[in-house]
Amino acid sequence: MSLPVPPLLTYTVRRVVQAIPIIILIMIGSFLLIKLAPGDTVDALVGDMGGADPAFIARLRAEYGLDESVMVQLWRYMLKLAQFDFGWSYVYEQPVITVLMSRIGNTMLLMASSLAMAFTFGVALGAIAARRAYSWTDNMISTLGLVFYAMPSFFLSLLLILIFSVKLGWLPVGGIRTIGAFKTGWADVADVARHLVMPTAALSLIYLAFYMRLMRTSVLEVMDLDFVRTARAKGAGGARLMFHHVMRNALLPVVTLLGLQFSTVLGGSVIVETIFSLPGIGQLAYTSVVKRDLNTLMGIIAISSIIVVIVNVVTDLVYAWLDPRIELK
Amino acid sequence: MRGMRGRLLLLGGALCVVAATAQAEEVKRGGTVVIHMVSEQGVLNPALRASTGVYQISGKIMEPLIDKTYDGYVGVLATEWSSSKDGKAITFKLREGVKWHDGKPFTCDDVAFTAMNLWKKLLNYSTTLQANLEAVDCPTPHTAVFKYSKPMPLELLVAAMPDLGHPVPKHLYEGTDILKNPYNQKPVGTGPFKFVEYKRGEYIIAERNKDYWRGKQYPYLDRVIWRFIPDKAAAAAALEAGEIHESGFNGISMEDMVRLSKDPRFDVGSKGFENNVAHSTVEFNLRNPILADIRVRQAIYHALDIDFALKTIMRGYGKPGRGPIPSTAGANYTDNVPTYAYDLDKAKALLDEAGYKPDANGIRFKLKHRPAPWGEYTQLWGEYYAQALKKIGIAVELVTNDAPGFLNGVYRDHDFDTANGWHQFRADPAVSTTVWLRSGAPVGTAWSNQFGYKSDKMDGLIDAAAAELDPAKRADLYHQVQKLEMTDLPVIFAIEHPFLAITSKKLKNHHNTPRWDSSSWYDLWLDQ
């Protein structure tokens, strides 16, 4: 007698196994792409230093293994990666995994807070706008959404800094903590939260606009469907109709978008983290490209692709939960 | 007050008056100064990486044998220096009673170890300087004798020491893999501040060294914090919001610099960067037969309105260049060189004479130009160059890359007709002239003769100057180098400009040495 395996588990395991060749392909592709960029990390280092003599440069190259052919370098890198060794960052002079781990928390915090804010407010505002379609409220919300949507995040970031830090002095310009304050416990949490207000706002507003527009359209569409009329006929009114019948169905496309956009938020964090000097993965990716820090960059790509794969699986699971008609095969 | 007068003579202007009144005020102790850094530093050991980014931080923690002030070279970890007659032995008397931050005494052993293992073998630029160093003897614990196989001008070695003369503690480095030594990231020095913490991507903290050798009163500050803010606009906002006190080396955009210079809360200026003067250049690839013609190079020089560029790009902070040696180099500098005034007619005539007549569209020939990505100055100067050359019928195609791309394109692949970047002058002409103008550097070495310039006369002058022990004769040789460069024009040293800093007026005694951002700040205090 074989044990009944829950379909959820087999599905998840299968998806994860399928993801492995994808990640390997991403890694090989990225490695070759980065190698196509002119110059390597030694060039960048020497550029930073304002020059060095040839013996010094040759010694660095040999030490970093950059004197080998690209294919040999790729083979070595993939062998190491197979043992979950991300290598050494020559820019930070630390193992890549240490560099990544010290940053990933901040990025996750920023992404989670931004997406949560964008999703919650986007869905709520979209639903309200749809309920009052073509009214003043709807127009107001829609116009605001358009403004958020049209505002580039770097501009919004600088605008926020100008207003809330320079003019009003309410919020810190950047960073994740007040340096040298050495706060602990709840004071530390409050400090971090204060530092995250502007980056979260800058990163989330554009996505908020996305979700709002989509939710509004989606709710309007679902409201016209037969089952809503049936529900209304059997006496479901107001809140129950909205939350139980309409929202649950209208959320499907929004969840799709959320899953898809997870990776773009990761991309958007590059700009926001750089401007707010938040020590996260996005800022790290930017400096790693500039400094040709191959190992760190590859580590970031590996972590990001793993995150995106996980999010995609979770999105599919959420689908099935929202709409029982969808089967996990 | 001798130093004060020297400074006034040197620079003049309101800034000095401010500094003079500041010194009269009562010094306040304590406080934390926060400094802006644009980019991270992987290595914090100045005996391993000679770069201003490293000095800005480690200069507070580790000290050189000699530093440069407005009164000239003064001893820090060395107290006296002298040379033997033949120039092959240079003796340093070392300061007694100095302790490393971990409590161990500083002695000649540290200097000898560092000189032989780091300065001679591992430190960029220093490996060239110390190539002939054979041994460092320690006749007493506080006497170091540097032995060279060929004569070493004392003047050259002394001028190099502020940047290339930081000893490391032997007891923490001996027997280890020096490049991987953990103390490269948590430096132990003798300086006024002790390293505390380096939080990657965020900040570095150093705190007051209670046992500093200059006396119990120094340093005045409790703590120095360096904050990494990669975005220049955000850095300017942080200055305005009072979160940082200083940003050096043009850490914010010129637009913000000019705007904030009118703000009474800040001092903006180039004082304190005399040791870090750079030239904005136009570099020719002499492998291109068009550019190999001296008349074409002269025509291009005549087509550049240097004053216009100075006013619009550098906002007046700079002056026209006169060859590879800047005016801050003292006796080694001369004004007496051929110059090329802005004159479009003359430029066109020279091109006609060289046989490059304009075609139907008014174009004589095309050039591929690579502007260096070193920030605002080089980008704008590259754009100006393209516009200026259009006026004399030369079409310029701009090829923009980031740093590694630029360095490879210019220095290794020589895939350019003209390029512009900057050359930072390194205190003494010996290293700078060798690196830029002497032939024979291997292909691909950054900041080395990318022009393909080879002149036996120039090589001879550079070699003679490097071995000349008499300062007057040495200066004369460097004057000849300058004249020859301005005649041959393998590169146009168009504009000489120092870096700029913006400093909160709460800081007192700031920018009071010619390499202030790299110096130890033992006398800096905060008025709060």
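1. Let's start with the open sheet in chain B of this predicted model. Seven strands build this sheet, and their order across it is E8-E9-E10-E1-E11-E20-E12. The pairing between them is mixed. At the edges stand strand E8 (193-199) and strand E12 (266-269) of chain B. Each of these two has a single partner strand, so one side of each is left without a neighbour in the sheet.

2. Which strand does E12(B) pair with? The partner is strand E20 (residues 501-504) of chain B, joined to E12(B) by four bridges. These two strands run antiparallel. If you would like a residue pair to find on screen, look for B:Phe266, which stands opposite B:Ser504 in E20(B).

3. While you are at that edge, have a look at helix H9 (residues 254-261) of chain B. H9 lies across both E12 and E20 of chain B, and its direction makes an angle of about 130 degrees with E12(B).

4. Chain B also has a hairpin worth a glance. Strand E2 (residues 66-69) and strand E3 (residues 72-75) of chain B pair in the antiparallel sense, with four bridges between them. The hairpin connection from E2(B) to E3(B) consists of two residues. Within this pairing, B:Asp67 has B:Val74 in E3(B) as its bridge partner.

5. Now to chain A, where the secondary structure amounts to 12 helices and two strands. Where do the strands fall along the sequence? The pattern reads α-α-α-α-β-β-α-α-α-α-α-α-α-α, which places the two strands after four helices and ahead of the remaining helices.

6. Some overall figures for chain A may help you picture the fold. The C-alpha trace spans about 85 × 70 × 40 Å along its principal axes. Of the 329 residues in chain A, 37% are buried. Looking at contacts between residues at least 6 apart in sequence, 73% join residues at least 24 apart.

7. Finally, the contact between the two chains: how many residues does each chain bring? Chain A takes part with 48 residues, and chain B with 48 residues. On the chain A side, helices H2 (41-49), H3 (54-64), H5 (96-131), H7 (153-167), H10 (238-275) and H11 (281-290) each supply at least two residues. H2(A) gives the most, with six residues. Sorted by class, the side of chain A that touches chain B has 27 nonpolar, 14 polar and seven charged residues.

Notes:
Residues are numbered from 1 along each chain as its sequence is written. Chains are lettered from A and ligands numbered from 1 in the order in which they are written. This is a predicted model: local features need pLDDT of at least 70, side-chain atom pairs count only at pLDDT 80 or more; totals for chains, interfaces and linings use all residues. A residue is buried if 20 or more other C-beta atoms lie within 10 Å of its own, exposed if 12 or fewer, and partly exposed in between; C-beta atoms are placed from the backbone. Two residues are in contact if their C-beta atoms, placed from the backbone, lie within 7 Å. Two strands pair if DSSP finds at least two bridges between them. Axes are lines fitted to C-alpha atoms, for helices over the stretch in contact, and angles run from 0 to 180 degrees between N-to-C directions. Ala, Val, Leu, Ile, Met, Phe, Trp, Tyr, Cys and Pro count as nonpolar, Asp, Glu, Lys and Arg as charged, and the others, Gly among them, as polar.
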